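Reader: Hey, got a minute to walk me through this one? I'd like the plain version, please.

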Amino acid sequence: LEKVGLLLSVKGAEYSEEHEEGQVARQDPEEGSSLAEGETVEVYLSKGPEIEKMRMPSLLGETVDSARSILEENELELGDVLYEYSPEPEGTVISQTPRVGNNVEKGAKVDIIVSKGEELSEVSVPNLVGLSLENAKNRLSASGLSAGSVSEEYSNRAPGTVLFQGLEPGRKVEEGTGVNLVVSMGPEPKPEEPEENPGENGSGE
């Protein structure tokens, strides 16, 4: 324009389906109009095609597959999927970005956080060997654990005494874990000796 003695003034920007972003979308006066030297041509730059926006749907409480289906129905994409411990049911969406109700462009990616369920605390396995079965169960309960299977075998220990435990003392396990026990049945009974028949030693006379 300077070469032909005209001035240029950018008046603003507007969406355009025909012109790429940054190109001149419209001018005033229009092309072909007669202007005197020194007059100004006003132009409007293109912002590119207008992208349709929509309100962000809620994904909270949905499974990952269900959330993906909802996004596809609304012409949105599933972005990053992260997992965190939460009191909410395992496998359900507990957070989303963008948030529910926000205006989003179609085709936008939506990041979600999915519940891993409640985080179970770890406890230390107590030493149960030498305790009675009842005391062992009480100690397990006090430690946040439970008795698993209980089997018996003969030993020189008093009947009902814990001989072995399935998890070694001091080991860290999830709260509520069951510990298998082996308890004593007492000494193994000795086989009875057969009684002698007095007639077998006779002379037969």
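Author: Sure, one term before we start: a residue is called buried when its relative accessible area is under 20%, and exposed when that value is over 50%. Also keep in mind that this is a predicted model.

Reader: Okay, so with that in hand, how many of the residues of β13 are buried?

Author: Five of its seven, so by that cut-off β13 is mostly covered. Over the whole chain of 205 residues, 24% count as buried.

Reader: Which strands does β13 sit with in its sheet?

Author: The order is β10-β13-β11, an open sheet of three strands with mixed pairing. At the edges are β10, residues 146–153, and β11, residues 162–165, and each of them pairs on one side only. On average, neighbouring strands here are turned by 30 degrees against each other, ignoring direction.

Reader: Mixed how? Which partner of β13 runs parallel and which antiparallel?

Author: β10 and β13 run parallel, joined by six bridges. β11 and β13, the latter spanning residues 178–184, run antiparallel and are joined by three bridges.

Reader: Give me some actual pairs. What are the bridge partners of Glu153 and Val162 in β13?

Author: Glu153 is matched with Ser184, and Val162 is matched with Val183.

Reader: I was looking at Thr161. Where is it, and is it buried or exposed?

Author: Thr161 lies in the loop between β10 and β11. Its relative accessibility is 9%, so it counts as buried.

Reader: What does Thr161 touch?

Author: Leaving out neighbours within four places in sequence, Thr161 is in contact with Gly130, Leu131, Ser132, Val182, Val183 and Ser184. There's also a local detail: a polar atom of the Thr161 side chain lies 2.8 Å from the backbone oxygen of Ala158.

Reader: Switching topic. Which residues have the most contacts inside the largest nonpolar core?

Author: Those are Met56, Leu59, Leu71, Leu76, Val110 and Ile112, in a core of 14 residues. Both α1 (64–73) and β8 (109–115) supply at least two residues of this core, and α1 gives the most to it, with four.

Reader: Is there a general reason why nonpolar side chains would be buried together?

Author: In soluble globular proteins, that is simply the tendency.

Reader: Back to Leu59, then. What does Leu59 touch?

Author: Not counting residues up to four places away in sequence, Leu59 touches Ala67, Ile70, Leu71, Val93, Gln96, Val110 and Ile112. Apart from the core that Leu59 belongs to, a second, separate one has 13 residues, including Leu128, Ala136, Val173 and Val183.

Reader: Val183 again, the partner of Val162. And what's the strand order in the sheet with β8?

Author: β5-β8-β6, an open sheet of three strands, again with mixed pairing. β5 (77–84) and β6 are at its edges with a single partner strand each, so one side of each has no neighbour in the sheet. Neighbouring strands are turned by 25 degrees against each other on average, direction ignored.

Reader: How many bridges between β6 and β8, and where does α1 come in?

Author: β6 and β8 pair over four bridges in the antiparallel sense, and one of the matches is Ser95 with Ile113. α1 packs on the sheet and touches β5, β6 and β8, with its direction at about 155 degrees to that of β5.

Reader: What about Arg99? Buried or exposed?

Author: Exposed, because its relative accessibility is 65%. Arg99 lies in the loop between β6 (93–97) and β7 (103–105). Its C-alpha atom is separated by 9.0 Å from that of Val110, which is 11 residues apart from it along the chain.

Reader: Last bit, the whole chain. How many helices and strands are there, and how much area is exposed?

Author: Two helices and 13 strands. The chain exposes about 14,500 Å², and carbon and sulfur atoms supply 43% of that. Of the contacts between residues at least 6 apart in sequence, 67% join residues at least 24 apart.

Definitions and conventions: Residues are numbered from 1 along each chain as its sequence is written. This is a predicted model: local features need pLDDT of at least 70, side-chain atom pairs count only at pLDDT 80 or more; totals for chains, interfaces and linings use all residues. Side-chain values use heavy atoms; hydrogens and water are left out. A nonpolar core is a set of buried Ala, Val, Leu, Ile, Met, Phe, Trp, Tyr and Cys residues joined through side-chain atoms within 4.5 Å. Buried means under 20% relative accessible area, exposed over 50%, partly exposed in between (1.4 Å probe, protein chains only). Contact means heavy atoms within 4.5 Å. Two strands pair if DSSP finds at least two bridges between them. Axes are lines fitted to C-alpha atoms, for helices over the stretch in contact, and angles run from 0 to 180 degrees between N-to-C directions. A polar contact is a pair of N or O atoms within 3.5 Å; within protein, one must be able to donate a hydrogen and the other to accept it, and residues adjacent in sequence count only if both atoms are side-chain atoms. Accessible areas come from the Shrake-Rupley method with a 1.4 Å probe; for residues, only the protein chains shown count as cover.
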